[in-house]
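Please read the following report alongside the structure, which is shown just below. It moves from one residue to an enclosed space and then to the nonpolar core.

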Amino acid sequence: MTTALALPGLTTGTWVIDPVHSTVGCSVRHLMVSKVRGTFNEFSGVITVPDAGEPSVEASIAVASIDTRNADRDAHIASADFFDAEQYPTARFASTGVRAAGSNLVLEGDFTLHGVTRPIALTLEFHGVNPGMGQGEVAGFEATAVINRKDFGISIDMPLEGGGAVVGDKITLTLEIEAVRQS
């Protein structure tokens with residue numbers, strides 16, 4: 001978020017992600033024909049907007065909090081086959097920059113999952129700022145990114161008899177964020 005980018009109303013201070021009014025989700029191809037979607041129930045993050053210089057974002061996700069609406073699948077995803085939540089309980093994002101891309105923004109940063117850190121780019125939409133409902137100003141954002149699970153050491157292969165795999169390699173991350181200005 002460079003100073004050249006205009007984000008009307010996003011004023012100097014600390015903006016904390018409100019987990020009650022935000023969603024962090026993912027989807028992955030299943031059986032080559034559909035997608036399984038899930039959300040993470042535990043996450044946090046802070047957007048820091050300095051007086052001068054570039055704003056920054058830091059966020060974390062408790063990977064064992066995955067909810068795909070199937071307890072057996074959730075346990076398998078948290079297991080050593082996928083997230084290995086016991087050894088790597090948290091996924092983290094730390095921004096390294098932001099740039100304009102047409103009517104949207106691209107938020108770049110380092111993403112750590114399964115003990116591996118790689119750069120990713122999130123397509124970011126800024127929805128503006130609202131005075132809130134007595135709890136302080138709120139800002140809204142949506143962001144998406146596609147990552148390859150194998151780039152993060154999640155390399156389980158579950159081939160199908162007729163070709164292809166049970167679980168695809170590409171994971172789409174989708175974030176709908178409401179952040180509350182703290183100071």
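Ser 60 touches Phe 43, Ser 44, Thr 90, Ala 91 and Arg 92, when residues up to four places away in sequence are not counted. In this predicted model, Ser 60 has its place in strand 5, and it counts as buried because its relative accessibility of 16% falls under the 20% cut-off.

Strand 5 also matters for the description of the empty space, since it gives the most to the lining of the largest cavity, with four residues. A search of the whole structure finds one cavity of 30 Å³ or more, and the largest cavity has a volume of about 360 Å³. Its lining is made up of 25 residues, and Val 57, Ala 59, Phe 93, Leu 122 and Leu 175 are those that lie nearest the centre of the cavity. The lining residues divide by character as follows.

| Character of lining residues | Number in the largest cavity |
|---|---|
| Nonpolar | 20 residues |
| Polar | three residues |
| Charged | two residues |

Several strands each supply at least two residues of this lining, among them strand 2 (23–30), strand 4 (43–49), strand 5 (56–62) and strand 11 (167–181).

Turning to the core, the largest nonpolar core holds 45 residues, of which Leu 10, Phe 111, Leu 113, Phe 141 and Ile 147 touch the most other members. For Phe 111, leaving aside neighbours within four places in sequence, the contacts include Ala 91, Arg 92, Phe 93, Ile 147 and Leu 173. Ala 91 and Arg 92 are thus contacts of Phe 111 and also of Ser 60.

How values were computed
Residues numbered from 1 in each chain as written. Predicted model: local features only at pLDDT ≥ 70, side-chain atom pairs only at ≥ 80, totals over all residues. Heavy atoms only, no water. 1 Å grid on protein atoms, 1.4 Å probe; cavity = no way out; pocket = protein on both sides within 12 Å on 5 of 7 lines; lining within 4 Å. Points joined across faces, edges and corners; volume = space filled by probe spheres on them. Nonpolar A, V, L, I, M, F, W, Y, C, P; charged D, E, K, R; others polar. Buried < 20%, exposed > 50% of the residue type's maximum accessible area, 1.4 Å probe, protein only. Contact = heavy atoms within 4.5 Å. Core = buried A, V, L, I, M, F, W, Y, C linked by side-chain atoms within 4.5 Å.
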